[in-house]
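Hi everyone, thanks for coming. I've got a structure to walk you through today, so have a look at it while I talk.

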Amino acid sequence: MLAAAEQGHDARTLSPSHPANLRKQVRLHLDPSFSVKSYIGAAATLLEKAQMADAQGNLEAAFVHYLTTASVASFVPKHAEWPELKKSRDATFLAYQELMNRTPEIVQRSQAIEAELAAREEHDEVDELSARLTALGEGSDAKGTEVGDEVRSSRSGSETPKDASRRDAVQDVAVPAVPSPRKRPPPRPPGEADAPTPSMPVPDGPVLPVDALWAYMYPGFDRTTDKAGGEVLVKRPGLHALLVDVRPRHVYDAGHLRGADSVCIDPALLRNAPVSPFELEEALDRSAPSEAARFKQRAAYDLLVLYDERTRAFGNAGAFTPEQTVLDTLVRALRPDLLHAPVLLRGGYDSWSRAVGDAGIVATPGATPPDLLETVRQSRHNTYHVNVPSKPQRTYQPPRPTSREIPASLLSGGGAPEHAHTGIAQVPQATPAPSSSVYRIPASLSAAGQRPAAPRRFLDARHEVRIGLSGLRNFGNTCYMNATLQCLSATVVLSRYMIEGRYKKAINLHNPLGTRGVLASAFAHLLQTMWSQQHASVSPHVFRQAIGRFAPAFSGGEQQDSQEFLTFLLDGIHEDLNLVQQRPTTELGDAQQEELNRLPPQLASIAEWGMYRRRNDSVVVDAFQGQLRNQLQCLTCGYTSRTYNAFLSLSLPVPHGRGMTQAALQQCLDMFVREEILDKSNAWRCPKCKKPRRATKRLSLARLPPILVVHLKRFMIKGPVTNKISTPVMFPTTGLDLSNYMPPPLPPGTAVQGIPSSESQRPPYLYDLYAVTHHFGCLTSGHYTATIRTQDDWFYCDDSRIARSDLAQLQAPLWRRTM
Ligand SMILES: [Zn+2]
């Protein structure tokens, strides 16, 4: 067991995704005022949620839901009504028995996830430390390899995307300029590292590459033995460096180097040479007193490191760039007081951020994002392209007309209910199916701009009600909540359902997974206040109290992930407003599952959706939920299993790594649907072989909702460190076309007995953007804002402030420059 101790205190804090922390989220207790039947239904719902999360690779949520399922199932026999139910041996009782039969499977899967999550944490930690050691072994020679210029070695095709992304993350955070990232340091001779390294020599050259600076600040760890005989890594003392950021103050505030004391000397102060150090001190006293204090102590530091945006060298006599002139003026001002000449970080902020990634950047607390917006736009390095939806890759080839029908056995209960209560159409409204046998994407679509005349958008700005706009006050770190609420408020179909009070008829008082309407009502009242526009900004404190009663994490002062909040809120509203009072208890038997496997995917998907709808019927399902197909194939016997899971949002991976300057949303989708190999500890338990087997897994879209939430997975939790992937992702604001990701439409004339026609879906699947959440900084200290659209106008929402925005602003990848 390896533990890292940093400067006397234990730095090995468990991440939020550690199983020990996840266990704390299992908090559903027996409340006898809910019937035993409702608990059995709740257990089945929880199992469904666990499988939904599991299919999308959200192991943390899957783990919590599996454990909660087990916990609910285990307290069912303690319920007062249990003896009576047991006597009755009715359908609910049999459903419970069926659930209990699946307990070994649930336990096995949750144990496997627990092992995987725990292993991930330790594996990453060890990996990261050894990567740092490697970096030091090779980086401290300061060979001057230019970070970011090197080309990453191509990978073998055999590894899984998971492995690859894991290693990428390690590289992103810990390995500046390591020529061969996979190389491990040679084992140290025993005893060699026991003595602390003597203080390091101060560099004598005027320019320092990123890796050398890193090595000076983080000289790495020594292995020693603690009192209990365990191996401990102890941080070596580094050089005491003062980082002098020579960029405009607002740029510095938005993000500067992390890892040592730093001050900002605005180049504006250095325009008229010569400059005295006292002028600089006075200017700092006015703008940033804490920095002034550090700056006055500059002679006490081992090293002064200057950097600007990307200057690589001091100027040569007679040939100074404007940036070099500024730096020269600063050196001349500082030099007389210092023992060692200041050094220049080669390539400046730009090289550092590319090499170290977001973990190496920090923002000044309280820095305002509008400044950042300015920064992003002013930065001459970033040129942005207005995005054009990528050309459809293929045309549709509908399958030949077939007389296959969905077997009646899969349709017990006779089709899904219609959803008059929410007034939400079940599909993005499409034209009647084209009568020609081959459906083609209209050429006008790929020619950008023009839209095919026929398809009616679900979200057509002109037909929408104008939303009411109010800012939301921040109670300290509640920007994640505010940004999410603004996006939901801009979701007209949901907002109107809540504001007009239609939700009241749907409140489910019998669902132990819900809040008996408390959450839904608080949400509705908040939306009413926001839409009334009586105040420039609104305090969502009643809403926050309501949500805090059911998820204390969201009432505390800590920053949370807006995506987690969105998922929790929509899930809570769904459970509060689920019209299904008593879940149908029939689960799929093996024979039915086999039958489903043999159906064409379009029909299997419809049948599964119908069954899902009979258990889940709410405004949230109508508006936000789609369906994923998860296909697993055993590489030993070839057995293929297809399961269908509802989803609330698509969590897409973001391509990253050095040299990845930007990505298109389509690339994220391509990664999402890419085949993955399940192997080793993650092997699939093949139902035919009846043992864990190497298998392929492929996710695909089976059904798209009217409102599509796309979540870019930018946070990577690795042990105690959370990294953010900052690759900008380009997305179209109108006409996002997902048709190519969907199975081809059923040919006209296909008999789909017992399925309401609204249940089948037809291309094209086009989406217009109307709300975006932006995130600046890291998970624990970042800032969230939102841009929303009402009719054809865009607004930027930053807590209590709302300002008119435009498409150009939105197109700029706001997350490129983090912090
Ligand atoms: Zn098999």
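I'll go from the whole chain to one sheet, then to the core, and finish with a few odd spots in the loops.

First thing to keep in mind: this is a predicted model. The protein chain has 819 residues, and 53% of them count as buried. If you count up the secondary structure, you get 25 helices and 31 strands. As for the surface, the chain exposes about 35900 Å², with carbon and sulfur atoms supplying 53% of that. And here's one about how the chain folds back on itself: take the contacts between residues at least 6 apart in sequence, and 74% of those join residues at least 24 apart.

Okay, let's zoom in on a sheet. Which strands are in it, and in what order? Four strands make an open sheet in the order 15-14-21-18, with antiparallel pairing. Strand 15 and strand 18, which is 676–678, are at the edges with a single partner strand each, so one side of each has no neighbour in the sheet. On average, neighbouring strands here are turned by 30° against each other, ignoring direction.

Let's walk along that sheet. Strand 15 covers residues 640–647, and six of its eight residues are buried, so we can call it mostly covered. Its partner is strand 14, residues 626–634, and the two pair in the antiparallel sense over eight bridges. If you want one pair to find on screen, look for Arg629, whose bridge partner in strand 15 is Tyr644. These two strands form a hairpin, with five residues between them. In the turn you'll find Gly638, which has a positive phi of about 85°.

On to the next neighbour. Strand 14 also runs antiparallel to strand 21, residues 695–703, and eight bridges join them. The pair to look for there is Leu632, standing opposite Lys697 in strand 21. Helix 22, residues 601–615, packs on the sheet and touches strand 14, strand 15 and strand 21. Its direction makes about 45° with that of strand 15. Helix 2, residues 36–55, lies across strand 14, strand 15 and strand 21 as well, but runs at about 110° to strand 15.

While we're on sheets, a bit of textbook: in a regular strand, side chains alternate between the two faces of the sheet.

Now for the core, and another bit of textbook to start: in soluble globular proteins, nonpolar side chains tend to be buried together. In this model, the largest nonpolar core has 52 residues. Which of them touch the most other members? They're Met498, Phe523, Phe543, Leu569 and Phe624. Several elements give two or more residues to this core, including helix 16, helix 20 and strand 29. Helix 18 gives the most, with nine residues.

Let's take Phe523 from that list. Leaving aside neighbours within four places in sequence, Phe523 is in contact with Leu485, Leu488, Leu494, Met498, Phe543, Leu569 and Ile573. There's also another core, apart from this one, with 30 residues, among them Leu59, Phe93, Ile113 and Leu117.

Helix 16 deserves a quick stop too. It spans residues 479–489, and 11 of its 11 residues are buried. Those include Tyr480, Asn482, Gln486 and Ser489.

Last part: the odd spots. Where would you look for a cis peptide bond? One joins Ala273 and Pro274, with omega at about -5°. Pro274 lies in the loop between strand 8 and helix 10.

Next, Arg516 has a positive phi of about 55°, even though it isn't a glycine. You'll find Arg516 in the loop between helix 17 and helix 18. Arg516 is partly exposed, at a relative accessible area of 32%. Lys690 is another non-glycine with a positive phi, near 60°. The loop between strand 19 and strand 20 is where Lys690 sits. Is Lys690 buried or exposed? Exposed: its relative accessible area is 58%, and the cut-off for that label is over 50%.

Finally, Ser739, in the loop between strand 26 and strand 27. Ser739 has 0% relative accessibility, so it counts as buried. Its side chain reaches the backbone nitrogen of Tyr765 at 3.0 Å.

That's my tour, so over to you for questions.

Methods. Residues numbered from 1 in each chain as written. Predicted model: local features only at pLDDT ≥ 70, side-chain atom pairs only at ≥ 80, totals over all residues. Heavy atoms only, no water. Buried < 20%, exposed > 50% of the residue type's maximum accessible area, 1.4 Å probe, protein only. Pairing = 2+ DSSP bridges. Contact = heavy atoms within 4.5 Å. Areas by Shrake-Rupley, 256 points an atom, 1.4 Å probe, with all protein chains shown as cover. Axes fitted to C-alpha atoms, helices over the stretch in contact; angles between N-to-C directions. Core = buried A, V, L, I, M, F, W, Y, C linked by side-chain atoms within 4.5 Å. Polar contact = N/O pair within 3.5 Å; in protein donor to acceptor, adjacent residues only side chain to side chain.
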